[in-house]
Amino acid sequence: MNTLPSDNKREKAVLVGLCSQPETPRALVEEYLAELAFLADTAGADVIESYIQEKKIRDPAYCIGKGKVDELIPFVKEHEVDLVIFDDDLTPGQARNLERALECKVIDRTGLILQIFAIRAQSAQARMQVELAQLEYMLPRLSGAWTHLSKQKGGIGSKGPGETQIETDRRLVRNRISLLKKKLREVSLQHNTQTRGRQTVPRVALVGYTNAGKSTLMNILCPEAEAFAENRLFATLDTKTRRLELSINKLVLLSDTVGFIRKLPHHLVESFKSTLDEVLQADFLLHVIDISHPGFEDQMQVVRETLKELGVDHENFIEVFNKIDALEDQELLKSIRAKYPDAVFISAARGVNIPVLKEIIGKYVARDYKERKILTHVSNYKLIGYLYENTEVIEKRYLDEDVELTFRVHKNRIKHIDALVGASEPLHYDITDS
């Protein structure tokens, strides 16, 4: 698979987009290419030119057509271009034809994103997920690697060593894919075992378009998180979970997740599903939005569609518009506030309105708290201690040798309290919703 170098060696790149009026207007393609340039920069390439080809139907051999390729050839040679990046997915045949004609590396958006993920992956789990996605992307593209050994003639003896080598490679890749899937299932099972104790604590996940400021927000809400934050796409791949204290014995587990992007490769969505389990298991989501981006509403739609693909079907969202300090047009800010009256408007980098956000998170969490009353013997230290450590005790009354506690508790802890009450042997006890 073609790869891009890291930042220590920058390559010169040309971007190519396909415009099909009216389905894909030119302005939208220009926006896609601007994002593609940001991706290229993140991967370690400098974009020196962008081309847009207006074409109703893709050319099966070259995607953009032979005429546009002939136009690209002298530019690529004159400027010593290292690679050409297509915004749309290329078939294996199109990629091979373009590389032969342009005499340089040719990749598509999917290949570029996979390379960035490979650069960014830090944990063993993330590296396995990226490798799995790369191999699944590579598998249908293996045929071009051994054409110099293939026999072109038909008839007897036409099954040459080239075809044998291709089949061997495919078998090895499929075996590796099976092994990685097995390892990821084991890691996911181990993760579920390790985090079983978290199930009694409310869980909140940060989601959003890549570079919306999720990690910066994570760091200001949970200073000990030390989440890596950078003004580049996909700065965070590994899910990081930290405690967010809201008030006495009232906390949530806050998780920072990988950012989404337009045309996110399906292989990556599938591979990272175990990492994105935090999103599936969250009680509600903080949808972080970069309000300073001119296409923020399109980005919001991409996030919603990706969440739907992952199987997130609840509506427990808090929309958090970030980077309000970078929005110069105050009238525009007023109109967005009016359009999204339930949203929170913050600047994570400057700490603007963070207390307001924490208060709203607290209100969301409070909706799942129940007020309960329990009567038990004063010697039942295990139950009483648990209530003081894990619930909000509102009132305490002594009745002879018994104690009556009124408390607020999150719905996820009620079963555990019921189990403690059932396991204890006080003189008498009662537990009721108040």
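Which three elements make a right-handed β-α-β unit with β8 at its start? They are β8, helix α10 (residues 296-310) and β9, and you'll meet them again in the views below. Keep in mind as you look around that this is a predicted model.

**View 1. The whole chain, before we zoom in.** Let's get our bearings. The chain has 434 residues, and buried ones make up 48% of them. It holds 14 helices and 14 strands. Now take the contacts between residues at least 6 apart in sequence: 70% of these join residues that are at least 24 apart. Some of the close-ups show links of that sort in detail.

**View 2. An open sheet of four strands.** Here the strands line up in the order β2-β1-β3-β4, and their pairing is parallel. At the edges you'll find β2 (45-54) and β4 (105-108), each with a partner on one side only. Going from one strand to the next, the twist averages 25°. What holds neighbours like these together? Strands of a sheet pair through backbone hydrogen bonds, either parallel or antiparallel. Pick out β1 (residues 11-19) and β3 (residues 83-86): they're joined in the parallel sense by four bridges. One spot to look for is A13, whose bridge partner in β3 is L83.

**View 3. A helix across the sheet, and two rings that meet.** Helix α2 (residues 66-78) lies across β1, β2 and β3, and it runs at about 160° to β2. Now look for aromatic rings: the whole structure has five aromatic pairs. In one of them, the rings of Y51 and F75 have centres 5.8 Å apart and planes at 80°, so this pair is edge-to-face. Y51 belongs to strand β2 and F75 to helix α2, so the pair links parts of the chain that are 24 residues apart. Are these two residues buried or exposed? Y51 counts as buried, with a relative accessibility of 13%. F75 counts as buried too, at 14%.

**View 4. Another ring pair, F321 with Y340.** This aromatic pair is tilted, with 5.1 Å from centre to centre and 50° between the planes. F321 sits in strand β9 (residues 317-322), while Y340 is in the loop between α11 (330-339) and β10 (344-345), so the pair ties together parts 19 residues apart in sequence. Both F321 and Y340 are buried. Widen the view a little and you'll see one aromatic cluster made of F296, F321, Y340 and F345.

**View 5. Strand β9 and its neighbours.** Why call β9 largely enclosed by the rest of the structure? Five of its six residues are buried, so that description fits. On one pairing, β9 runs parallel to β8 (residues 284-290), and six bridges join them. I289 has F321 as its bridge partner in β9, so to speak the ring you met in View 4. Strand β9 also runs parallel to β10, this time with two bridges. There, V320 is partnered by V344 in β10. To get from β9 to β10, the chain passes through α11, and this β-α-β crossover is right-handed.

**View 6. Strand β5, covered on both faces.** How many of the six residues of β5 (residues 203-208) are buried? Six of them are, and the strand is mostly covered. On one side sit R203, A205 and V207, on the other V204, L206 and G208, and all of these are buried. Strand β5 runs parallel to β7 (residues 250-256), with four bridges between them. In that pairing, A205 stands opposite S255. Strand β5 is also parallel to β8, joined by five bridges. Here you can find G208 opposite V288.

**View 7. A charge over a ring, and D277.** Two smaller sights to finish. The charged end of R367 sits over the ring of Y364, at 4.2 Å from its centre. Elsewhere, D277 is part of helix α9 (residues 277-281). At 15% relative accessibility, D277 counts as buried. Follow the chain and D277 is 89 residues from S188, yet their C-alpha atoms are separated by 8.9 Å.

Methods. Residues are numbered from 1 along each chain as its sequence is written. This is a predicted model: local features need pLDDT of at least 70, side-chain atom pairs count only at pLDDT 80 or more; totals for chains, interfaces and linings use all residues. Side-chain values use heavy atoms; hydrogens and water are left out. Two strands pair if DSSP finds at least two bridges between them. Axes are lines fitted to C-alpha atoms, for helices over the stretch in contact, and angles run from 0 to 180 degrees between N-to-C directions. Contact means heavy atoms within 4.5 Å. Rings of Phe, Tyr and Trp (its six-membered ring) pair if their centres lie within 6.5 Å; planes under 30 degrees apart count as stacked, over 60 as edge-to-face and the rest as tilted. Buried means under 20% relative accessible area, exposed over 50%, partly exposed in between (1.4 Å probe, protein chains only). A charge sits over a ring if NZ of Lys or CZ of Arg is within 6 Å of the ring centre and within 35 degrees of the ring normal. A crossover is right-handed if, with the strands pointing away from the viewer, the path from the first strand over the helix to the second runs clockwise.
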